[in-house]
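These are my notebook entries on a single protein chain. I wanted to look up its disulfides, cores, strand pairings and unusual backbone values.

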Amino acid sequence: ATGTGRLESVWPATPLRGAGGLACDDGHLLVTEPLAGRLSTVTADGRVSRVTLPKGSGEPTDVAVNRDGVVFVAAMNPGALWRREPSGGWRNIGAAVSDPVGVAVGKGRLFVAECAGETRVLHLDPDTGAIVEVLATHLGCPGRLSLEPEGTLLVPLPERGEVVVINPATRETSVGARGLDLPSATGRSPDGIRLVLEAGSGRVRSLATRPVETAQGQTDRATSSAKANLRTLLSLEPGLADVVVCGETLVISNAVDGSLSAWKPWPGARRILVPGGLVAPGGLAFDGSDPIIADGVSVKRIRNGKLQLIAMTRFDGMPPPVGLAGSDTGLAWITSPQRGELFQLDLGRGAATRIVAGLDWPTSVLRTPGGELIVAETGAGRVVRIGLGLLPYTLAGSLMSPVGLTARGERILTSEPRGGRVLSLRREGVPTVIASDLAAPAGLATTRGRPLYIAVERAGTIIARSSDGSEHRVAEGLSLRTRRAPHPLPIPIAIAPDGSVYVASPEEGSVVRIIPD
């Protein structure tokens, strides 16, 4: 990158935008990246390359490969189940499924877990995707299921904190374990130990092979036995996503930082196959002198060159965060566009509390010097002020998908990526255009005595606009593309206490510091 400002790397780009489902395909790994909408391959030495997915295959969640080299990819938004032949051709066989989140194959059979409707576990025809049998329903949103050597299915249930065992031959469902912290995936180690991953705690636990109770039975004795089935083998970072054995190597993915960890031999020393970092940055603020970033799956802090996890998505406890505003009170505010909600986050405890619901694709959030909260309600084309009683009050409406937000004195500034404009909003009156003809301005930052910094997505530039209207590029050649979504998303940009400008790349997960000229 170039420009009139001096650039420094604060955090490097990350190869994977969150690491999800895993499969072993002819000696290399396949890994899904749901937020980036990608499927990647990883070699034994950690090299990452992309697999071209069919058009419309958003949010791939899980992947499986059969003995013949046929690849199956479960994808959400829209729900689809894709089949790729060894020759490379893709076709959608998911007409019978809704929002598949897990897929398993073996012995000529195909199994899928859904996260919509009746949340079913299905036995499908692997060639056509037709339903052979409904094995279970109403399980909540399952995790990544696995097929046991003896033919039973292990299905983690994150919302319930359970793992259930399904016998496809009899359709009997039994509880294998209870009391788990967001169980996300199950599998086997190279020496045959049954494993369950806990996303909430980062623990890898062994699971006894004997189910302890039918799903209908609810006895204290059975519950105690279910907990006793577990033994902690490893304590890793929260966010564990999937586990697979490729050759003699056991690999575990992490959805919160995009890392892959490997063990060969197992058990033995851990090797970082792919380093982790930020997933899909959408919001950036400061907690003192430390930058904090909302990256779609968590809120993280960069301190002393290290990345610290503050909070991760935990269903209603904290939604997928995008917009972020900080303060000097130890609190921050985050938006969840998909949920249409605004949360208050205690940075010390990592606990989030919902304060506003019913918003239409809220993206950026701003806390004014007076303590008010301003939210860009991008889907509704308006900017709202959160007043007394936490009720949204329209500051400006009929806008073209506003995204960026900042304050200059008493005025609120917003940007319209689709309109190419930056607007000044007043409590009364028509918004004033202060910049136009920009190639998707999606991030704004300013403070007293500083220019207005505009992050321009398609141009990959940071423009400094002075109070007299003059402009110059302080950085260019940056990777600022945001991920695909129903409405625009923000580019994270903020001014540090020392006056330097921090920008995070939604596309690469990197953070740079710009020291203006």
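The entries below record each look-up in turn, beginning with the origin of the model.

**Entry 1: Origin.** I note at the outset that this is a predicted model.

**Entry 2: Disulfides.** How many disulfides does the count come to? I found 2 disulfides. Counting the bonded cysteines along the chain, I read their pattern as 1-4, 2-3.

I took the pair of C24 and C246 to begin with; their sulfur atoms lie 2.0 Å apart. The link is right-handed, with 60° about the S-S bond. C24 sits in strand β2 (residues 22-25) and C246 in strand β23 (residues 240-246), so this disulfide ties together parts that are 222 residues apart in sequence. I then looked up the accessibility of both partners. C24 has a relative accessible area of 26% and is partly exposed, whereas C246, at 11%, counts as buried.

I went on to the disulfide of C115 and C141, where the S to S distance is 1.8 Å. This link is left-handed, with -120° about the S-S bond. Its two ends belong to distant parts of the chain, 26 residues apart: C115 is in the loop between β11 (109-114) and β12 (121-124), and C141 is in the loop between β13 (131-136) and β14 (146-147). Is C141 buried or exposed? I recorded 19% relative accessibility for C141; the cut-off for buried is under 20%, so C141 counts as buried. C115, at 22%, counts as partly exposed.

**Entry 3: Loop between β11 and β12.** I stayed in this loop, since T119 is found there as well. Phi of T119 is near 45°, a positive value in a residue other than glycine. I noted this because most residues other than glycine have a negative phi. T119 counts as buried, at 10% relative accessibility.

**Entry 4: Another positive phi.** I looked up W361 for its backbone too: its phi is near 55°, again positive in a residue other than glycine. W361 is placed in the loop between β34 (351-356) and β35 (362-367). Its relative accessible area is 10%, so W361 is buried.

**Entry 5: Cis peptide bonds.** Which residues does the cis peptide bond with omega near 0° join? I found that bond running from K264 to P265. I also recorded a cis peptide bond between W266 and P267, with omega about -10°. I kept both values because most peptide bonds are trans. P265 lies in the loop between β25 (260-263) and β26 (270-274), and P267 is likewise placed in the loop between β25 and β26.

I then examined the strands on either side of that loop. β25 and β26 form a hairpin with 6 residues between them. The two strands run antiparallel and are joined by 4 bridges. Within this pairing, S261 stands opposite I272 in β26.

**Entry 6: A sheet of 4 strands.** What is the strand order of this open sheet? I read it as β27-β28-β29-β30, with antiparallel pairing. β27 (283-287) and β30 (306-312) are the edge strands, each pairing on one side only. Neighbouring strands are turned by 25° against each other on average, direction ignored.

I looked more closely at one pairing in this sheet. Strand β29 (residues 298-303) runs antiparallel to β30, and 6 bridges join the two. One of the residue pairs I checked is V299 with its bridge partner A311 in β30.

**Entry 7: Nonpolar cores.** Which residues of the largest nonpolar core touch the most other members? Among its 17 residues, I found these to be Y453, I462, I493, V501, V503 and I514. The strands that each supply at least two residues of this core are β43 (441-445), β44 (452-456), β45 (461-465), β46 (471-475), β47 (493-495), β48 (501-504) and β49 (511-515).

I listed the contacts of I462, leaving out residues up to four places away in sequence. Including non-core kinds of residue, the list holds Y453, I454, A455, H472, R473, V474, A475, L478, L480, I493, V503 and I514.

I closed with a second, separate core of 16 residues, which includes A104, L145, V155 and V164.

Terms used:
Residues numbered from 1 in each chain as written. Predicted model: local features only at pLDDT ≥ 70, side-chain atom pairs only at ≥ 80, totals over all residues. Heavy atoms only, no water. Pairing = 2+ DSSP bridges. Axes fitted to C-alpha atoms, helices over the stretch in contact; angles between N-to-C directions. Disulfide = S-S within 2.5 Å. Buried < 20%, exposed > 50% of the residue type's maximum accessible area, 1.4 Å probe, protein only. Core = buried A, V, L, I, M, F, W, Y, C linked by side-chain atoms within 4.5 Å. Contact = heavy atoms within 4.5 Å.
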